[in-house]
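Q: Could you take me through one helix of this model closely, and then show me how the parts around it compare? I am new to reading structures, so please go step by step.

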Amino acid sequence: MIFEKNARRMLKYQKAKAKLVEYDVPEQDYPRFALNSNELSYPTTYVLSRYSECIIENNEDELRELTPFLSATAEYYDSAFKSKDRQEYDWDFLLSGASAYFLKNDFGSAKVLAKRANELISDKKSPQKLLVNIYNYLLDGIYLPFLKITGNYERINNNFLDYFKKGKSLETLKKICGYIEKKCIKTEILTVYFMWIY
């Protein structure tokens with residue numbers, strides 16, 4: 001089982017750490033947690049990436065099994081960002097959390113995390129920035145421009161727009177996203193890959 005008793009306790013610890021930060025409790029005054037909540041990154045990453053793969057594979061049975069874990073996954077990444085104990089991964093926590101919220105149809109929470117991620121990601125042509133732009137377009141109506149094609153980033157951007165605005169290029173979009181997914185194994189890329197299905 002993905003989320004056993006220890007995993008649920010780790011999620012509580014992660015939420016507690018976020019509250020301690022919120023209330024400016026000095027780190028030396030933190031309680032000694034019996035488990036390392038950072039280890040919850042492994043099963044939550046599995047839930048998010050496997051859920052994405054199941055959408056691509058039309059694996060309805062496994063989707064039903066994984067769906068109950070989306071809430072815990074979203075809450076973990078949201079709390080991991082708020083706890084500020086691994087800030088070098090903040091954009092990853094925000095995008096993973098936004099993706100989990102998006103998949104569980106909590107579009108308001110997805111929008112909040114995507115906006116925060118947008119503030120952190122400086123590389124204008126990264127897959128992460130593209131995902132933020134797509135979330136902003138889908139969730140907030142922020143303009144996503146057609147770009148002059150110089151590489152895969154621009155091609156994916158334009159194919160998404162063709163699909164969303166004109167209902168075109170689904171097969172082309174699948175091909176290029178599949179190519180990138182093979183080259184870059186990242187949860188965010190998998191998320192980009194299944195976005196059009198929703």
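A: Let's begin with α7, which is mostly covered: 11 of its 14 residues are buried. Bear in mind that this is a predicted model, so every value here is computed from predicted atoms. Helix α7 covers residues 127–140. Its first and last C-alpha atoms lie 19 Å apart, close to the 20 Å expected at 1.5 Å a residue.

Which residues of α7 are buried? They are Gln128, Lys129, Leu130, Leu131, Val132, Asn133, Ile134, Tyr135, Asn136, Tyr137 and Leu139. You can pick them out in the structure by following the helix from Gln128 to Leu139. Just after the helix comes Gly141, with a positive phi near 70°.

Now turn to α4, a helix of 14 residues running through residues 70–83. At 1.5 Å a residue α4 should span 20 Å, and its end C-alpha atoms are 20 Å apart, so the two values agree. In α4, 11 of the 14 residues are buried, which means that the rest of the structure largely encloses this helix. The buried residues are Leu70, Ala72, Thr73, Ala74, Tyr76, Tyr77, Asp78, Ser79, Ala80, Phe81 and Ser83. What do they pack against? Their partners are α1 (5–22), α2, α3, α5 and α6. After α4 comes Lys84, and its phi is positive, near 55°.

Two of those partners, α2 and α5, also pack against each other, at an angle of about 45° and with their axes 11 Å apart. Because of that angle, α2 counts as oblique to α5. The crossing of these two helices is left-handed. On the α2 side the contact is made by Leu48, Tyr51 and Ile55, and on the α5 side by Ser96, Ser99, Ala100 and Leu103. Sorted by type, the residues of this contact are 5 nonpolar, 2 polar and no charged.

Next, follow the chain out of each of these helices. The loop between α2 (41–57) and α3 (60–66) holds Asn58. Asn58 has a positive phi of about 55°, although it is not a glycine. Is Asn58 buried or exposed? It is exposed, because its relative accessibility is 62% and the cut-off for exposed is over 50%. The loop between α5 (90–103) and α6 (107–120) holds Asn105. Asn105 is another residue other than glycine with a positive phi, here near 65°. Its relative accessibility is 48%, so Asn105 counts as partly exposed.

Last, look at an asparagine inside a helix: Asn158 sits in α8 (residues 152–166). Asn158 has a relative accessibility of 8%, so it counts as buried. Which residues does Asn158 touch, leaving aside its neighbours within four places in sequence? It is in contact with Pro145, Phe146, Leu147 and Ile149. You can also find Lys148 here: the C-alpha atoms of Lys148 and Asn158 are separated by 8.8 Å, and the two residues are 10 residues apart along the chain.

To put the asparagines side by side, Asn58 is exposed, Asn105 is partly exposed and Asn158 is buried.

How values were computed
Residues numbered from 1 in each chain as written. Predicted model: local features only at pLDDT ≥ 70, side-chain atom pairs only at ≥ 80, totals over all residues. Heavy atoms only, no water. Helix = DSSP H or I, 4+ residues; strand = E, 2+ residues; numbered from the N terminus. Buried < 20%, exposed > 50% of the residue type's maximum accessible area, 1.4 Å probe, protein only. Axes fitted to C-alpha atoms, helices over the stretch in contact; angles between N-to-C directions. Parallel < 35°, antiparallel > 145°, perpendicular 65-115°, else oblique. Left-handed = near helix turned anticlockwise from the far one by under 90°. Contact = heavy atoms within 4.5 Å. Nonpolar A, V, L, I, M, F, W, Y, C, P; charged D, E, K, R; others polar. Expected span 1.5 Å × (residues − 1).
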